[in-house]
Amino acid sequence: MRIGMLYSRIRRDEKLLLSELRERGHEVTKIDVRKQRFGLGEPPADFADLDLVVDRCLATSRSRYVTRFAAHYDVPVVNHPETAAVCADKARNSLVLAEAGVPTPATEVAFTKEAAMEAIEGFGYPCVLKPVVGSWGRLMAKIDSRNAAEAILEHKETLGHYEHKVFYVQEFVEKPGRDIRVLATDGEPVAAMARSSDHWLTNAAKGAETEHIEVDDEMRDLVETASDAVGGGLLGVDLMETGDSYTVHEVNHTVEFKALNEVAEVDVPATVVDWLEARAERGVREAVV
Amino acid sequence: MAECIECGADVSLHDDLEVGEIVDCATCGAELEVLATDPVELDAAPELEEDWGE
């Protein structure tokens with residue numbers, strides 16, 4: 001098949017996918033989105049005759065727009081732009097999870113620092129303030145006191161981009177020193193890992209230790225429902241353990257999997273490419289969110 | 001091998017080098033983007049942006 005890979009930086013994850021695709025004899029076109037122009041009519045030349053285009057853009061903003069253009073040109077795209085749009089925005093992500101009945105941390109969104117302070121005081125301390133767009137654990141704040149809350153809110157309001165004036169406040173979940181990442185293809189788990197750290201942030205990008213874990217039935221059900229809620233696709237579903245259950249705090253749409261591949265019992269890029277082949281064969285159905 | 005555009009030191013490269021990949025200069029620590037592989041051409045990597053990552 002003819003696969004396009006949209007990128008602006010080739011990480012270990014993209015190399016794993018490229019290697020697997022090429023080993024299987026697929027024709028791969030690497031498309032550096034920094035060099036592309038997207039018009040309203042004909043697609044760029046690099047998009048011609050592709051069976052499928054895979055979005056691996058590092059930048060969320062590019063990912064959101066380039067997938068929308070790919071869909072506009074009727075080029076099947078993974079992930080679907082609606083999935084990208086929902087997953088790129090933590091507030092929208094929380095809303096669709098809640099609407100699907102997926103347990104997710106209590107969350108409030110406010111637009112002024114006064115309203116945000118009321119939300120924070122409502123949750124009590126500690127609670128968590130997150131940017132609505134962002135990843136790798138950046139600009140996440142665990143707020144332990146009113147003094148800290150006031151300082152952070154003022155900094156965000158004064159120094160931040162307009163998106164930082166959308167205050168996303170969340171309850172602090174007392175997880176057992178780890179959270180769980182499940183990589184899934186259309187809701188079917190490929191592999192899962194626990195990410196452990198002494199720090200309250202347990203992102204692999206923050207240096208958390210990773211280990212393989214089995215996917216239990218409850219996790220499997222939640223991953224399937226969460227995936228459906230955002231429109232399906234190749235996703236990273238993040239869960240936290242809450243005693244004898246789980247809460248899903250977010251779903252990621254341009255999921256990194258190199259850390260998972262090192263601990264998983266399955267060949268992650270091979271499983272992903274199996275799924276990409278199946279998707280390319282039948283085209284990519286519309287996401288319904 | 002290629003030359004670091006920041007410090008001029010030799011940068012060792014993997015066999016499976018890809019255009020778009022980032023390599024580090026072991027001498028000065030600069031992040032370098034691979035612009036071409038045959039011959040190898042390097043440039044300074046773009047700065048980290050706020051919306052990068054998964």
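**Figure 1. A:Leu6 stands opposite A:Ile31 in strand E2 of chain A.** This close-up, like the others here, comes from a predicted model. The strands on show are E1, residues 2–7 of chain A, and E2(A), which pair in the parallel sense over six bridges. Step back a little and you see an open sheet of four strands in chain A, ordered E2-E1-E3-E4, with parallel pairing. E2 and E4 of chain A stand at the edges; each has a single partner strand, so one side of each goes without a neighbour in the sheet. As a reminder, strands of a sheet pair through backbone hydrogen bonds, either parallel or antiparallel. As for the model as a whole, it scores ipTM 0.90 and pTM 0.94.

**Figure 2. A:Phe38, A:Phe47, A:Phe69 and A:Tyr73 make up one aromatic cluster.** Searching the whole structure turns up five aromatic pairs over all chains. One of them is A:Phe38 with A:Phe47, an edge-to-face pair at 6.0 Å centre to centre and with 90 degrees between the planes. A:Phe38 is partly exposed, at 24% relative accessibility, whereas A:Phe47 is buried, with a relative accessible area of 2%. A:Phe47 also pairs edge-to-face with A:Tyr73, this time at 6.1 Å centre to centre with 75 degrees between the planes. That second pair ties together distant parts of the chain: A:Phe47 is in the loop between strands E2 (27–32) and E3 (52–55) of chain A, while A:Tyr73 is in the loop between helix H2 (60–72) and strand E4 (77–78) of chain A, 26 residues apart. A:Tyr73 counts as buried because its relative accessibility is 9%, and the limit for buried is under 20%.

**Figure 3. Two lysines of chain A have their charged ends over aromatic rings.** The charged end of A:Lys30 sits over the ring of A:Tyr7, 5.6 Å from the ring centre. For A:Lys142, the ring underneath belongs to A:Phe172, and the distance to its centre is 4.6 Å.

**Figure 4. The side chain of A:Asn79 has backbone atoms of A:Leu234 and A:His253 as polar neighbours.** A:Asn79 is in the loop between E4 and helix H3 (81–88) of chain A. It is a buried residue, with a relative accessible area of 5%. A polar atom of its side chain lies 2.7 Å from the backbone nitrogen of A:Leu234. The backbone oxygen of A:His253 is also placed 2.7 Å from a polar side-chain atom of A:Asn79. Neighbours within four places in sequence aside, the contacts of A:Asn79 include A:Asp55, A:Thr67, A:Gly232 and A:Gly233.

**Figure 5. Helix H4 of chain A, residues 90–99, with its buried residues and its two ends.** A:Lys90, A:Ala91, A:Asn93, A:Ser94, A:Val96 and A:Leu97 are buried. The buried residues of H4(A) pack against several elements of chain A, among them H3, strand E5 (107–110), strand E6 (127–130) and helix H7 (217–230). At the N-terminal end, A:Asp89 provides the cap: one of its side-chain oxygens lies 2.8 Å from the backbone nitrogen of A:Ala91. Just past the helix, A:Gly101 takes a positive phi of about 80 degrees.

**Figure 6. Two prolines, A:Pro126 and B:Pro39, follow cis peptide bonds.** In chain A, the bond from A:Tyr125 to A:Pro126 is cis, with omega near 0 degrees. A:Pro126 lies in the loop between helix H5 (113–123) and E6 of chain A. In chain B, the cis bond runs from B:Asp38 to B:Pro39, again with omega near 0 degrees. B:Pro39 is in the loop between strands E4 (31–37) and E5 (40–44) of chain B. Chain B itself has five strands and zero helices, and buried residues make up 41% of its 54 residues. Its mean pLDDT is 93, and 100% of its residues reach 70 or more.

**Figure 7. A:Asp49 and A:Asp186 each have a positive phi.** Most residues other than glycine have a negative phi, and most peptide bonds are trans. A:Asp49 has phi near 60 degrees, and this residue is in the loop between E2 and E3 of chain A. With a relative accessible area of 59%, A:Asp49 is exposed. For A:Asp186, phi is near 50 degrees, and its place is in the loop between strand E9 (178–185) and strand E10 (188–196) of chain A.

How values were computed: Residues numbered from 1 in each chain as written. Chains lettered and ligands numbered in written order. Heavy atoms only, no water. pLDDT = per-residue confidence, 0-100. Phe/Tyr/Trp six-rings, centres within 6.5 Å; stacked < 30°, edge-to-face > 60°. Buried < 20%, exposed > 50% of the residue type's maximum accessible area, 1.4 Å probe, protein only. Lys NZ or Arg CZ within 6 Å of the ring centre and 35° of its normal. Polar contact = N/O pair within 3.5 Å; in protein donor to acceptor, adjacent residues only side chain to side chain. Contact = heavy atoms within 4.5 Å. Pairing = 2+ DSSP bridges.
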